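Student: I have a new structure open and would like to go through it with you. Can we start with whatever stands out in the loops and work from there?

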Amino acid sequence: MADDAEHRRRGSRFRARKRAVALLFEAELRDADVVALAEERRRMGEESQEFHDVASYTMDIVTGVAERLDRLDTMIAEHLREWTLERLPAVDRAVLRAGAWELLFGTEDVDSAIVIDQSVLLVADLSAEKSVPYVNAVLDRIAGLAEHIRAAERAVSSLDPAPAADVSEATPDPSEAGTED
């Protein structure tokens, strides 16, 4: 069992998640744009061997969280018990945001149990021991809704809005009434 946990910790997706959490955490503490920060780190990784490159899956998570931050925070806050999002440690918020984004908007080829498990491993490594059960519980509750939210997202995105009619052509200008040549 311990070998299985160690293998998961070394997997490329786990490392990408851990890097995404670190970037989300740093951006929040510095009040910086997380996508710009990740792009900067990506350039640094390309230009120097002293820095690690930013994996594409890390960029997916960071960009996805940035694009849907308000929605993710609302969803997380709705599933917290006896806590507010602002009272949580910043690292726990980063783990919850990354995990919630993966569950709700990430690729569907990743099983929700794996996302939750690896989020719990991250919070166990990076935060207080008491954070583990509530991160697990919040992400489990969100995972229960993920299928419905994904279906709703697909339904909305599949709707092709009809082109708006040019109202100026359909409605005569009242100032032009009775001014026929």
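**Loops, helices and contacts**

Tutor: Start with E82, which lies in the loop between α5 and α6. Keep in mind that this is a predicted model.

Student: OK. Is E82 buried or exposed?

Tutor: E82 is exposed, because its relative accessible area is 78% and the cut-off for exposed is over 50%.

Student: And what is its backbone doing, say phi of E82?

Tutor: Phi of E82 is positive, about 60°, although E82 is not a glycine.

Student: Where else should I look for a positive phi in a residue other than glycine?

Tutor: At D31, where phi is near 55°. D31 sits in the loop between α2 and α3.

Student: Buried or exposed, that D31?

Tutor: Exposed, with a relative accessible area of 73%.

Student: Let me zoom out. How many helices and strands are there?

Tutor: The protein has nine helices and zero strands. Read from the N terminus, the order of elements is α-α-α-α-α-α-α-α-α.

Student: How much of the protein is buried?

Tutor: Of the 181 residues, 37% are buried.

Student: And what share of the contacts between residues at least 6 apart join residues at least 24 apart?

Tutor: That share is 71%.

Student: Back to the loop with E82. How many aromatic pairs does the structure hold?

Tutor: The structure holds one aromatic pair. Its members are W83 and Y134, and the pair is stacked, with 5.9 Å from centre to centre and 25° between the planes.

Student: Where are W83 and Y134 along the chain?

Tutor: W83 is in the loop between α5 (69-78) and α6 (90-105), while Y134 is in helix α8 (residues 131-158). The two are 51 residues apart, and the pair links distant parts of the chain.

Student: What about exposure, starting with W83?

Tutor: W83 is partly exposed, at a relative accessible area of 30%. Y134 counts as buried, because its relative accessibility is 15% and buried means under 20%.

Student: Now the helices. At what angle do α4 and α6 pack?

Tutor: Helix α4 (residues 56-67) and α6 pack at about 95°, and their axes are 9 Å apart. The two helices are therefore roughly perpendicular to each other.

Student: Which residues make that contact?

Tutor: On the α4 side, Y57, D60, I61, G64 and V65 take part, and on the α6 side R97, A98, W101 and E102. Sorted by class, the contact of α4 with α6 has five nonpolar, one polar and three charged residues.

Student: And α2 with α7, how do those axes cross?

Tutor: The axes of helix α2 (residues 12-30) and α7 cross at roughly 55° and come within 11 Å. That angle makes α2 oblique to α7. The crossing of α2 and α7 is right-handed.

Student: Same follow-up: which residues make the contact?

Tutor: From α2 there are R13, F14, R17, K18 and V21, and from α7 there are V115, Q118, L121, L122, D125 and L126. By class, the α2 contact with α7 has six nonpolar, one polar and four charged residues.

Student: I clicked on S119. Where does S119 lie?

Tutor: S119 is in helix α7, which covers residues 112-126. S119 is buried, with a relative accessible area of 3%.

Student: What does S119 touch?

Tutor: Leaving aside residues up to four places away in sequence, S119 touches V95, G99 and L139.

Student: Last topic, helix α3. What can you say about E40?

Tutor: E40 lies in helix α3 (residues 34-47) and is partly exposed, with a relative accessible area of 34%. The C-alpha atoms of E40 and V54 are 9.4 Å apart, and these residues are 14 apart along the chain.

Student: And M44, where is that?

Tutor: M44 is in helix α3. M44 is partly exposed, at a relative accessible area of 22%.

Student: How far is M44 from V54?

Tutor: C-alpha to C-alpha, M44 and V54 are 9.2 Å apart in space, and 10 residues separate their positions in sequence.

Notes
Residues numbered from 1 in each chain as written. Predicted model: local features only at pLDDT ≥ 70, side-chain atom pairs only at ≥ 80, totals over all residues. Heavy atoms only, no water. Helix = DSSP H or I, 4+ residues; strand = E, 2+ residues; numbered from the N terminus. Buried < 20%, exposed > 50% of the residue type's maximum accessible area, 1.4 Å probe, protein only. Contact = heavy atoms within 4.5 Å. Axes fitted to C-alpha atoms, helices over the stretch in contact; angles between N-to-C directions. Parallel < 35°, antiparallel > 145°, perpendicular 65-115°, else oblique. Left-handed = near helix turned anticlockwise from the far one by under 90°. Nonpolar A, V, L, I, M, F, W, Y, C, P; charged D, E, K, R; others polar. Phe/Tyr/Trp six-rings, centres within 6.5 Å; stacked < 30°, edge-to-face > 60°.
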